[in-house]
Amino acid sequence: MELELWQETLLQAIVLGTPLLFVASGELLGQKVGVFNIGIEGVMLMGAAAGFIGMHESSNIVIGILSAAVCGALFSSLFALATVIFRTNQVVSGFALWLLGLGLSSQIGRGYTAIRASSPIERWEVPVLRDIPIFGPILFEHLWAVYLAFLTPFILWFILQRTRHGLDIRAIGEDPVAADTTGVAVVTWRFLYVSLGGALVGLGGAFLSLGTSQTFTQFMTSGLGWIGLAIVMFAGWQPLRLILGAYLFGGLRALDFAAQSANWNIPSEFLAMLPFLGTLLVLLVGAWRFRNRPGASAAPAALGIAFFRGG
Amino acid sequence: MIVGDKTPPSAAAPLVSMRQITKQFGNLTAVDHVDLDVHAGEIHAILGENGAGKTTLMNVLTGLLRPDSGQISLDGSDVSISSPRKALELGIGIVHQHFRLVENFTTAENLHLGWKETPLLAGSKDLDDRTRTLAKQFDLDVEANARIWQLSVGEQQRVAILRTLSRGARILILDEPTAVLTPTEAERLFEMLRGLADSSKQAVIFISHKLDEVIAASDRVTVLRAGSRVNTLRTVDCNQELLAEMMIGRHLDTQPAPPSTALGPAILVGKGIAVRNDRGVPALEDLDLELRKGEIVGVAGVAGNGQRELSEVLTGLRSIDAGQIFVSGQELTNADPADFLRAGIGHIPEDRYSSGLVSSESIEHNAILRAFRDPPIRRGLFLSPAAIKDHAGRLVDAVKVSIRSLRSSVRSLSGGNAQRLLTGREIAAASKVLVAVHPTRGLDVGAAEAVRQALLEARDSGVGILLISEDLSELLSLADRTVVIFRGRLNGEFNRDEYDVNTLGLLMGGSPVEVS
Amino acid sequence: MGRKSRSWKIELRADNPKRTLYRISAILLGLGIALIAVQLGISEGNAFERILKATIGSRKGIENVLELAAPLMTTGLAAAIAIKLGAWNVGVEGQFFMGAWAAAGIAFALDGLAGPPLLILMFMGAIGAGAIWMLIPALARAYLNVSEILTTLMLNFVAMAFLAYWATGPWRDPRSQGAVLATPKLPEQTRLPKLTIAGVEIGLGIVIGLVLALLLTAIFRKSVLGYMVTTVGASERAGAYAGIKVRRLLVTVLLASGAAGGLAGVTHMTGGSINRYSTSLSSNTGYTGIAVAVLAGGSFIGTTAMALIVGAIIAAGNSLRILDVGSELGRFGLTGFILLVAAVGEGLSHYRLVRRGRKEEAKITDSPPSAITSTEGTPT
């Protein structure tokens, strides 16, 4: 069915926002336990590469997806090992992770760049719902991973806000010493959730190589990982708001394409700037709200600080 | 104030019994063969001044420390409390002065954090409901869905107490609970504790140095002094004088220093100073102070009564909410540290390594910390290496500390030598006033003596010194005049040779006594 | 009794004077491992020989290394300035491009001016632009306690978009093609001359980097400002105690860091081989510069040395491309690996093995436990 331009734009907003949603969810998980991973761009690339390789070698999309998740988790666990176990500086280790990811993903992906995905992520058209006039085609004719991405923040929200375990791990990000005093295994959970977050980020990369582009190219994430980082801050570290941020930022890119094809005169660079300026604004406004509480902000209070027992 | 009139039946066995507990740290015996019995349904106070061993004793009971000798028994059977976790399992819970609550969480969330009994699936509404149930059970008034940072300190303390009680503490220990409370909140606290002891048969232990509290709120009191147990009495059999005497003791070794030769007019005047501490609780209230040229005024008092805030206010590190400060007639109310320095006020701070000295830097660097802004050390935008070396060298000579090199880091110095350096620097910088806070804390005899000598010399050259110290003997021997600070106000004052131990004890314990 | 306790305990220690040793050993170890891995991984040829030839073994190699190292020196120094106060200028990349933009703008607008005065104006403009780009993050950090890591990061991307706009719009080069966005060449007179020492061509970028390092070292060791920064960097409380206005100092230092970032941009644009305002001016030079500064332990002279080493690593990586090892792996992967190993080495230096049974510390007073918030880098 032919879609009008605005419908197409909304559709693209969702498509472009999906990898962002995966990535932002993964990073949020890590930040909620207090670990700031600046290198998720590298993890995303590794996921894209590993996912494609896994799918190609096995001709099975499920294996591909799993490879991406496992690779993302393993790669992030390197970072977790450094920052959580060895208490290295998170910024430096994050950069290292990013650079490693750039290099390693290019290396392992070398033989796979000119190949078309044989078993890509398939489209799943939701019966009945897709026939809803106007919005049906926009919302319910996506690749199945899109629906998965949409569900992820809800799952995160449920675990974090509605379970005992979620309470404990949120405490790790707020005040690890207090959490430790009450018996929460700070180090263990930090390690696990940073790695788990990495799996989600890897999935984000796989969505590119196995879903939208259906091929692998060097550095194909072109900065999406960084945008994912911005989304976490933009969302004020709240899972459900990630959806807003991801689709909004995805929408800006879609708007860019739309503007070009409709010959509107919005410089696409301006649209490209908006997510980042928006996030900056959110950060500043947020800090202004907390100005009477020195040191407080919307972020988990212990974000970025290494945990030492007794401190 | 309520009067504790419940006397537990002497026939009943104590809930917890500590026998002959001893704990040493190196050469220091912090706790020396102390016995303590506490019964169910009893409120038992542990009274003592700084360094008496109260906290150490409680650290043993709560599993933070292992005693060197002695035995603890619970319900008649001997137990070994190997860790805080074990203590909690045994039903011993403590609420510290600094409650470890997660500020951004609500009361309900804090209550249920890391707790086995929290249901697996628990949304905020469920947690709130459970919290309210628990609050009712223990008759504690808490706001389930308020965030901790929104609560007053008294309310936060109630949350901490509720958390301890919910996890099954039968013995509730409170460490200086009213240190952070207003008098009204303190009263509410003790009412609540009374109710707890009466209805749930909790054994409540609270550590205090405040005589009025102990008299009003406890059933029995154990007085500790210098690590030993002086006595355990029923509170009805005590009055403040008796307690004060037991707390301080009869003998205070003081060799009074020679009186000042340079006494002059008032050089530092504080009027009606009021300030809040970091938690927003008033730390100083309507405090008047006068310090004369060539005089040492000692400030006695148990830690936590506003001494820290007083020293910060008089050196510009904290701005005051009300009142005025004058130095030599010049108003310095709310000036910043640089102005105070320029006015000739030196500061030997409480934490020598985190503010007075930059421990990672060289002796030279630290030596000029007060002098770097002015010639001869400052030359335009730069510092003169020669002048630095000269200044540092002279300082080191003056304090007679032998060092390898002026460039070696301060960390390489012993605690005593570092303090001597700091003291020497501040005395040199203090042309008018010196605020010295615990200047000999942690020093060996020789270093402490050297510091005291330096203070006396400074006094005799006309500097007015405000000496805040926990060491009563030191205060009484050095000070020309001593004031006692309690709950942010000056409680009493006396000249050298006029002090009376009992009165001093009463004043430090909070009893306002008229002294001529 | 509880669990059986081991006889060794790992304890945190305040500061390790041998930190530099740990760091350097870690770097050497990382290099060694990487070299062995590469040699084992390739089918033929001698990796070691090849690397040697591409780096210090030949005149061309040395020139190559110097050219790669030049921008890293200045960006590294920019990052190092902020690190002195424990702050993280992650925005060097953005300041780099904004500096280059200001310089290019001046060059295009005043292309009639002779070389030297034009260059002076360009440099001044670049330094100013870099500082301005840091202004909001600096103020937000000093007065609102907003993490400068987050704010400068966002501005990096804004700067990239900004560059894209100018290079494809008002300053468009009709002949530019492909993924690289670039303006036409800058006026001839803005090209910085190269020096030749002992037969080796050295770009002015290196010279500027070295001079800046020496200048910064002098300032930090000898000036009043430097003294204050050292003090506050070591302990904010000591700074307040000494009457230093900490927030003003923070803003000043961060602006200086931004200015240095801008300097890096204009220097590389005029002193390197790319004489346009273009995206290819930086291959993550800003971020790599931060890594360089951290690897150097935040010392200025060390940063210049480390820039050379990292430049050599990149050159080595490039040289291996012919041996079937992707240059990206070399360029990024290697640097990343080294960085990780160095970070771990640094992290480990925080610990020491302590035998149990030592007398416990006396905790007689009621002072609150000090929060050991070790490592730097605190977002928010």
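These legends walk through close-up views of a predicted model.

**Figure 1. Confidence across the model, with chain A and chain C side by side.** Let's start with how much the predictor trusts its own work: the model scores ipTM 0.86 and pTM 0.83. Chain A averages a pLDDT of 88, and 96% of its residues score at least 70. Among the elements of chain A, the highest mean, 95, belongs to helix 9 of chain A (residues 186-212), and the lowest, 82, to helix 5 of chain A (residues 136-139). For chain C the mean pLDDT is 79, with 80% of the residues at 70 or more. Confidence within chain C peaks at a mean of 94 in helix 10 of chain C (residues 246-271) and is lowest in strand 1 of chain C (residues 8-12), at 51.

**Figure 2. Two low-confidence stretches of chain C.** Please read this view with some care. Residues 1-8 of chain C have a pLDDT under 50, and the model gives them ten contacts beyond four places in sequence. Residues 355-380 of chain C are also below 50, and this stretch has 55 contacts in the model beyond near neighbours in sequence.

**Figure 3. The side of chain A that touches chain B.** Here 18 residues of chain A meet 18 residues of chain B. Which elements of chain A give two or more residues to this side? They are helix 6 (144-162), helix 7 (164-174) and helix 8 (176-181) of chain A. Helix 7 of chain A contributes the most, with five residues. By character, the residues on this side of chain A are seven nonpolar, five polar and six charged.

**Figure 4. Helix 1 of chain A and its bend.** Follow this helix from residue 5 to residue 32 of chain A. Its 28 residues should span 40 Å at 1.5 Å a residue, and the end C-alpha atoms lie 38 Å apart, which agrees. Where does helix 1 of chain A bend? The bend is at Gly17(A), by about 35°, and a proline, Pro19(A), follows within four residues. Helix 1 of chain A is mostly covered, with 21 of its 28 residues buried. Just past the end of helix 1 of chain A, look for Gly34(A), which takes a positive phi of about 95°.

**Figure 5. Helix 4 of chain A, enclosed by its surroundings.** Helix 4 of chain A covers residues 90-108, 19 residues in total. From first C-alpha to last, helix 4 of chain A reaches 26 Å, close to the 27 Å expected at 1.5 Å a residue. Why is helix 4 of chain A described as largely enclosed by the rest of the structure? Because 17 of its 19 residues are buried.

**Figure 6. Domains of chain B, and a contact made by Asn502(B).** The domain assignment divides chain B into domain 1 (14-91 + 170-249), domain 2 (106-169), domain 3 (266-360 + 409-508) and domain 4 (362-408). The centres of domain 1 and domain 4 of chain B, taken over C-alpha atoms, are separated by 49 Å. Zooming in, Asn502(B) sits in helix 17 of chain B (residues 501-508). Is Asn502(B) buried or partly exposed? Asn502(B) is partly exposed, because 17 other C-beta atoms lie within 10 Å, whereas a buried residue would have 20 or more. Leaving aside neighbours within four places in sequence, Asn502(B) is in contact with Glu241(B), Ala244(B) and Glu245(B). Asn502(B) and Leu242(B) are 260 residues apart in sequence, yet their C-alpha atoms are 8.4 Å apart in space.

**Figure 7. Met306(C) and helix 11 of chain C.** Chain C has 13 helices and four strands, and 52% of its 380 residues count as buried. Among contacts in chain C between residues at least 6 apart in sequence, 78% join residues at least 24 apart. Met306(C), found in helix 12 of chain C (residues 300-319), is buried, with 26 other C-beta atoms within 10 Å. Setting aside residues up to four places away in sequence, Met306(C) touches Gly76(C), Val292(C), Leu295(C) and Ala296(C). Met73(C) is 233 residues from Met306(C) in sequence and 8.2 Å from it in space, C-alpha to C-alpha. Two of these contacts, Val292(C) and Leu295(C), are among the buried residues of helix 11 of chain C. In helix 11 of chain C (residues 285-295), eleven of the eleven residues are buried. Gly297(C) follows helix 11 of chain C, with a positive phi near 70°.

Definitions and conventions
Residues numbered from 1 in each chain as written. Chains lettered and ligands numbered in written order. Predicted model: local features only at pLDDT ≥ 70, side-chain atom pairs only at ≥ 80, totals over all residues. pLDDT = per-residue confidence, 0-100. Contact = placed C-beta atoms within 7 Å. Nonpolar A, V, L, I, M, F, W, Y, C, P; charged D, E, K, R; others polar. Expected span 1.5 Å × (residues − 1). Buried ≥ 20, exposed ≤ 12 C-beta atoms within 10 Å, placed from the backbone. Domains from an automatic or database assignment. Bend = angle between axes of the 7 residues up to and from the residue.
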